[in-house]
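Trainee: Got a minute to go through this one with me? I'd like to start with helix packing.
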Amino acid sequence: MSLPIFFDTLIEGLSTGCIFALVAVSINIMYRPSRAFNFGQGEFVLLGGVLSLLFLNSWHWPWLAAVPVLMLIGAALGGLTDLIAIRPVISRSATSSAWVITTLALSLILDDEIGARFTGATAVVPVPPLLTTTPMNIGSAQVSSYQIALLVLTVLIVIGLWFAYRTRHGLAIMALSEDREAALLRGVPAGRLNLVSWMAGGALAALVGVLAAPITQVSSGLGFELLIDGFIAAAIGGIGDNRGALVGGLVVGLAQSFGAVVFGPLYQDLASFVVFLVLLGLRPRGVLGEARVREV
Amino acid sequence: MTAAVGAIGESETMVDEQRILLDLNALHAGYGSAMVLHGIDMTVRSHEFVGLLGANGAGKSTLLRAISGIVQPRSGEILLDGQDIARAKPQAVVQAGIAQVAEGHRIFGKLTVEQNLRLGAYTRRLTTTELAHSVGLIWELFPQLAERPKSSAASLSGGQQQMLAIGQALMAAPKLLLLDEPSAGLAPVVIEQLAEGLRELRRGGLTILIVEQHIPLTLSLADRIYVMRNGKIVVDGIPSASCTDAMLQAAYI
């Protein structure tokens, strides 16, 4: 592999890796207070991407105005999912896994709706002001300012969340995640914190869709792909661990980009699965995850 | 008795001491279709230390969980200062002034000692200064915890975790402290430290309801004892040498 191709593949992998990392983080945010995954998460991201085409291309909104609105839509969707698909399940039994069915059902409905209304139109999506997707030359590498900004933003989000989970409410969510009943006994309002978390996860998912649009093809299969890749990234890093999600996302992104170059584009998904299995085989609890001690 | 002699202040204290803080009336509760509590009547007066004894499966933990709102009662009343909290959610119960230290010292291992304590005060919305002051009171009560505020709670010994759990509950500034088998799994030396801590709290005027299987500990701490068997109260009295045998028999034989 020549040096320029190596760097191109590296940059490409890191960029898509940021997207996977952020999807994984959004999954983690929802998982912590509820111990449930949103099977519709990929659709949320897809919706963000598709709506960004609408807002930015069709309606010509400025980027900085469209993004908060799209995040609000994502938050509303996340909150709605909690109220319809999660809360009724958990209130019956905290250990029930019926949310698999309810969120899966929601994702199928969303996928249908999005697929019916938006055809796979590849359009050039405008990027935030001051940034561009045109690559610049840095040494042997070609990087665009957008890709750099994306990486910086991803890291900032992970750092920001670390601080958020150390506030009063953040600690309460961590407590819910570890031992729900013990947290309830301390007066932690599980329902309210869960709703807020699912809204935040939804908002982040929508943001990811907007961020992904300039560098990926917004097509109907994207939702499912992102769900799988995002989940793999979260699992590699240890479910619930956001720093792990960052590492996991970058690993999956790099595995796919290098896999595509080395083995051919058909094998890029296989590459990420192989890396996933190898890493999980070496460290079952995830790269940064902690061992869970069960007292018998 | 001393209450008959003395200033108005003392008789006011006497009245306050007789005030019923917690009143359970005909409480029925269980899980799904399985009833565990079959009509519990119990009172705890302000500043009292009440013990609840009984064998495994008698329903003691279920009773505490019903009081805390984890288990919704099927029927009956749970009155706190006259207000019925039987249908209240766990958060409302804590805000009303009842804090429970659950069985098995369930602190949050992934958080530090200090974070665990801060979490205990979640319902109080304290300022940073007020929070530091409250945490300071816990350090005084349990100096062992003060030595390692930033340690992860999982790294503490069993006895220290139990102290942390009690400290967490106290951070909610409760009127009534519920303890579910705090001595379980602890060495005798540690149990004695625990007992001393509880006596300290008692002297400070805190009302305490303790559920235990450790009979001598309970008898040494409590003003009054209830004994439960198969979801019912079978004995209700003041611990004394003559009562002990009767209580043991009622509960375990």
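Trainee: At what angle do the axes of α7(B) and α8(B) cross?
Mentor: Bear in mind that this is a predicted model. The axes of α7 (residues 158-170) and α8 (residues 188-203) of chain B cross at roughly 15 degrees. They come within 10 Å.
Trainee: Why are α7(B) and α8(B) described as roughly parallel to each other?
Mentor: Angles under 35 degrees count as roughly parallel. The crossing is at roughly 15 degrees, so α7(B) and α8(B) are roughly parallel to each other.
Trainee: And is the crossing right-handed or left-handed?
Mentor: The crossing of α7(B) and α8(B) is right-handed.
Trainee: Which residues make the contact?
Mentor: From α7(B), Gly159(B), Gln162(B), Met163(B) and Ile166(B). From α8(B), Val190(B), Gln193(B), Leu194(B) and Gly197(B). The contact of α7(B) with α8(B) has four nonpolar residues, four polar and no charged.
Trainee: Zooming out, how many helices and strands are in chain B?
Mentor: Chain B has 10 helices and 10 strands. Of its 253 residues, 43% count as buried.
Trainee: What share of the contacts in chain B with a separation of 6 or more joins residues 24 or more positions apart?
Mentor: Those residues account for 66% of them.
Trainee: Switching to the interface. How many residues does each chain put into the contact?
Mentor: Chain A gives 15 residues and chain B gives 21 residues.
Trainee: Which helix has the largest share on the side of chain A that touches chain B?
Mentor: α6(A), with six residues. Both α6 (168-178) and α7 (180-185) of chain A supply at least two residues each.
Trainee: What's the chemistry on that side of chain A?
Mentor: Nine nonpolar residues, one polar and five charged.

Definitions and conventions:
Residues numbered from 1 in each chain as written. Chains lettered and ligands numbered in written order. Predicted model: local features only at pLDDT ≥ 70, side-chain atom pairs only at ≥ 80, totals over all residues. Contact = placed C-beta atoms within 7 Å. Helix = DSSP H or I, 4+ residues; strand = E, 2+ residues; numbered from the N terminus. Nonpolar A, V, L, I, M, F, W, Y, C, P; charged D, E, K, R; others polar. Axes fitted to C-alpha atoms, helices over the stretch in contact; angles between N-to-C directions. Parallel < 35°, antiparallel > 145°, perpendicular 65-115°, else oblique. Left-handed = near helix turned anticlockwise from the far one by under 90°. Buried ≥ 20, exposed ≤ 12 C-beta atoms within 10 Å, placed from the backbone.
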